[in-house]
Structure formats: C-alpha cells, structure tokens
Amino acid sequence: MSVSRIARAVAVKDLRIELRSRIVTNQVLPFSGLVMVMFAFALDSDDVLQDVAGGLVWLATIFSLFILVQRSFAIEVSDGALDSLRVAGVDPQGIFLGKSISLFVQLIALEVVLFLTAVVLYRVNLGGSGLVLLVTCVVSATAGLAFVGTLYGGLTAGARGRETLLPLLLLPVVAPVLISATRATEAAFTSNGVTVSEGWPWVAVLAVFAAVFGLGGLLSFGSLIEE
Amino acid sequence: MTTTELPAIKGVGTQATRLYGVLALIALGWVLVGGLFFTPEDVVQGDAVRIMYVHVPTAWTAYLAFIVTGVASACWLLGKKHSMGFDRVAGASAEVGVAFMALTLISGSLWGRITWGTFWVWDPRLTTTAFLFVTYLGYLAVRGLGGSPHQRARRSSVVALLAVLEIPLVHFSVVLWRSLHQEASVLSPDGDIKMDGIMLFTLLFGVFGFSVLFAWLVSHRQRIMAMHDAQRASALEVAMADRLQEASS
C-alpha cells in the first residue's frame with residue numbers, strides 16, 4: 001500500500017474510534033472550555049481578557065493537545081495495536097502521517113469551539129481581514145502541533161510514566177508555536193493596538209515550524225517506534 | 001549467593017583522566033584565587049564582576065556539552081555499527097551539560113540581582129538558555145525510560161537530534177518576540193566591559209579549567225555507564241548460574 005493510503009486508513013480508523021468513544025466531545029472539549037472560564041476567573045478584568053485572549057486560546061489548545069496525544073497513542077498501545085501494525089510491515093511514515101491527520105482534525109474542531117468561546121466570553125473583535133489571518137494561523141499552527149504531538153507521542157508510547165513525561169518533552173518544543181500563534185492571533189483580534197498585517201510574519205514562522213517537524217517526523221518516526 | 005561475579009574493578013581512572021584531573025584542579029585553583037583576590041573590582045559592577053569567572057566558563061562548557069551530545073548522537077544513529085560508546089558519551093555529556101547550565105542560570109541570576117536589580121529578564125539569550133536547560137532535562141528523562149541499552153540509544157539519539165532542530169526555532173521566535181514587544185533591556189547582558197589584562201587571563205583560564213573538568217567528568221561518567229550496562233547485561237547469566245547451582249546442589 002502506498003504511504004498516502006496507509007495514512008488515510010490510519011486517520012479514518014483513529015477518527016472513527018474518537019467518534020464512537022465520544023471522549024473528545026464529552027471530556028476534552030468541556031475540559032478546554034472550563035480552562036477558558038478559569039482563565040476569566042483568574043484574570044478578572046474584561047480589558048485584560050480582551051488583550052490576552054489569543055494567548056489563552058493557544059494555552060488551552062496546548063493543554064488539550066497533551067490529552068489528545070495521550071489518547072491517540074493509548075489506543076495504539078493497548079492490545080499491542082502498534083506492534084501489530086509494525087509486524088504487519090506497515091510503513092511507519094504512513095502511520096505518522098495518519099496519526100498526525102487525525103490529531104489535526106481533532107485539534108481544529110477543538111480550536112473552532114475555543115475561538116467561538118473567546119469571541120463570546122472575552123469579547124474580542126474579529127474583522128474580515130483578521131479572519132483570513134486567523135484561519136491561516138490556525139491551520140499552520142495546528143499542523144505543527146499535530147506533527148510534534150505525534151512524534152513525541154510515538155516516542156513515549158508504552159513507556160513508564162508517559163503521562164508526566166510527555167508535557168515535559170512537548171512544552172519546550174511547542175514554545176515557538178505558542179509565541180508565534182499568540183502574536184498572530186493578537187494581530188487578527190487587533191488587541192493591544194496591533195494591526196492585522198503585523199501578524200503575517202508570525203504565520204511564516206508557524207509554517208516553517210510545521211515543515212521542519214513534518215519532515216523530521218517522517219524521517220525519524222520509524223526508528224522511534226521500531227523496537 | 002552469587003557464584004558468577006563481575007571482575008573486581010578498582011576505579012574508572014586512567015593515566016589520561018588523572019592528567020585532566022590535575023590540569024583542571026590547577027586551572028580552577030587559579031580561577032578561585034585569581035578571581036577572588038588578584039583581579040581588581042569592576043568600575044561599574046564592583047565585586048559582582050567576580051561571578052563572571054564562573055558564569056562565562058560554565059555557560060561555555062554547557063554549550064560545548066550539548067554540541068558533544070548532538071554530534072555523538074548523530075554518530076550513533078548514522079554509524080553502521082551503532083557503537084554504544086557514542087551513546088554513552090552523548091548521555092554523559094548531556095548530564096554534565098545540564099549541571100553546568102543550572103550553575104550558569106543560578107550564577108547569572110545572582111549577578112542579575114546585584115547588577116540589574118532583578119533575578120530574571122526576558123532577554124532572548126536568557127530565555128533560549130532556559131529552554132535549552134528544560135529540553136535537555138527532557139532528554140535525560142528519555143534516557144531514564146528504561147528498556148535495553150540499544151532502545152535507550154535509539155530513542156535518546158532521535159530526541160537529541162530533534163533538540164538540534166528545535167533550538168534554532170526557539171531562539172529565532174524568542175528573538176522575534178522580544179524585538180517586537182519590548183525595547184532592549186536596560187543593560188544588555190554583554191554590556192561593554194573594558195577588560196583588564198588579568199581579568200581576561202583569569203576568565204580564559206576559567207574557560208580552560210571548566211572545559212578540562214568537563215572532559216574529566218564525561219570520561220569517568222561514560223565509563224561508569226559502560227560498567228552499569230555490562231552489569232545489567234550479565235545479570236541474566238548470573239541469575240541462571242545461581243539457579244543451576246541450586247538445582248545441582
């Protein structure tokens with residue numbers, strides 16, 4: 001089977017499992033919504049919330065990323081599913097791409113809800129040109145997060161203490177995404193007097209990040225899960 | 001009741017490590033005496049400048065250590081034989097690097113408190129250094145995941161190479177972040193310091209001393225790791241020999 005067909009099969013399988021188990025809709029979504037409300041309690045000021053809304057949305061996304069990555073590999077590790085895939089000679093690049101795609105789709109769904117929450121709860125402004133920037137930023141940032149998440153998820157899959165190890169490994173790596181996506185989102189919301197056009201250089205950083213880790217993942221995922 | 005025993009080992013020192021050790025002791029002895037007594041106070045910073053004699057060499061050594069880790073990991077991964085020596089050097093070097101980076105961060109923030117009036121500023125270089133520290137803590141955690149030495153080497157070499165990818169990205173985005181968000185800090189960390197001859201000499205001696213200390217620590221540590229791996233590998237044989245003896249007695 002070609003890499004793209006394997007990727008599609010793995011992604012469809014993962015998404016179907018998520019759709020049926022309803023963990024994302026019933027647990028991860030409410031969790032990230034709650035985080036947004038908690039931020040509002042902690043910061044307790046409409047003006048501050050408006051200014052930092054972009055950062056809060058991305059922080060909530062990254063917290064949820066940990067949960068989603070752990071879910072994504074928990075289903076592979078239980079019953080030795082990942083071992084079976086490997087023994088069956090499935091191309092690891094296909095597995096990497098497939099799991100990244102399914103993570104990407106789940107994260108996008110989550111972010112749509114988070115941004116809607118931000119618009120409602122934090123009262124941010126979003127104009128037409130801001131929306132174009134926001135969509136581009138979300139797509140490129142999420143691609144980067146999905147690649148990195150899959151890469152480090154595969155690395156820690158099956159290891160002792162992976163629940164605690166994953167955030168330790170992932171947080172420093174996703175720092176560039178947090179910085180860039182926050183700045184681009186701020187520009188899209190025109191908070192802090194930033195204009196929309198100032199956000200585009202940050203989207204370029206996000207795209208580079210996604211490309212670097214997409215390529216890095218394709219090259220190294222095989223040796224990470226082959227044991 | 002072990003019957004098969006590992007050969008008795010007296011230590012992990014060799015002629016070469018003894019030489020490094022003595023060299024490091026002499027150099028660091030000079031840094032201690034020269035840094036505290038012989039070098040003059042700085043016009044602006046006063047006695048606080050003496051922290052530099054430790055801070056700069058430890059920072060340099062930590063960066064050197066992480067470069068060694070990256071190169072050794074690449075050698076392990078790309079080498080045909082996957083020689084475990086590379087993996088042990090990578091691991092030992094990262095351990096020493098993390099320790100030295102911690103010293104750098106501590107001495108730097110103490111200096112900052114005296115000179116800038118604050119322990120920490122969100123300067124790009126400081127921020128990148130902090131990320132480097134956390135990244136290699138993660139690397140060490142991956143090494144501690146368990147499994148066979150080969151598994152450990154494979155996982156950790158990939159993580160080390162990913163760190164090499166990640167660090168320029170972190171640095172670049174942090175630089176961009178600060179440059180867009182805040183005017184340059186009141187005092188840049190490398191503010192113009194006109195350096196007296198003896199100060200420069202002591203500083204360079206410090207860099208030399210800490211580099212030799214690094215070599216000394218890494219060569220000992222990697223040999224200890226080799227012994228540890230050998231002991232683990234022989235544990236099964238030892239256990240089997242014990243059971244056999246139990247059965248026959």
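Q: What makes two residues count as being in contact across chains A and B in this predicted model?
A: Their C-beta atoms, placed from the backbone, have to lie within 7 Å. By that cut-off, 21 residues of chain B are in contact with 21 residues of chain A.

Q: Which elements of chain B give two or more residues to the side that touches chain A?
A: Those are helix 4 (124-143) and helix 5 (149-181) of chain B. Helix 5 of chain B gives the most, with 14 residues.

Q: How do the residues on that side of chain B divide by class?
A: You get 13 nonpolar, five polar and three charged residues.

Q: What elements is chain B built from?
A: Six helices and zero strands, so from the N terminus on the pattern reads α-α-α-α-α-α.

Q: What share of chain B counts as buried, and what does a residue need for that?
A: A buried residue has 20 or more other C-beta atoms within 10 Å of its own. Of the 249 residues of chain B, 37% count as buried.

Q: Over in chain A, how do helix 2 and helix 5 pack?
A: Helix 2 (residues 23-43) and helix 5 (residues 92-121) of chain A pack at an angle of about 35°, with their axes 10 Å apart. The contact includes A:Gly33 and A:Met36 of helix 2 of chain A, and A:Leu110 and A:Val113 of helix 5 of chain A. By class, the residues of this contact are nine nonpolar, four polar and no charged. Gly counts as polar, so A:Gly33 belongs with the polar ones.

Q: Is the crossing of helix 2 and helix 5 of chain A left-handed or right-handed?
A: Helix 2 of chain A passes helix 5 of chain A in a right-handed crossing.

Definitions and conventions: Residues numbered from 1 in each chain as written. Chains lettered and ligands numbered in written order. Predicted model: local features only at pLDDT ≥ 70, side-chain atom pairs only at ≥ 80, totals over all residues. Axes fitted to C-alpha atoms, helices over the stretch in contact; angles between N-to-C directions. Helix = DSSP H or I, 4+ residues; strand = E, 2+ residues; numbered from the N terminus. Left-handed = near helix turned anticlockwise from the far one by under 90°. Buried ≥ 20, exposed ≤ 12 C-beta atoms within 10 Å, placed from the backbone.
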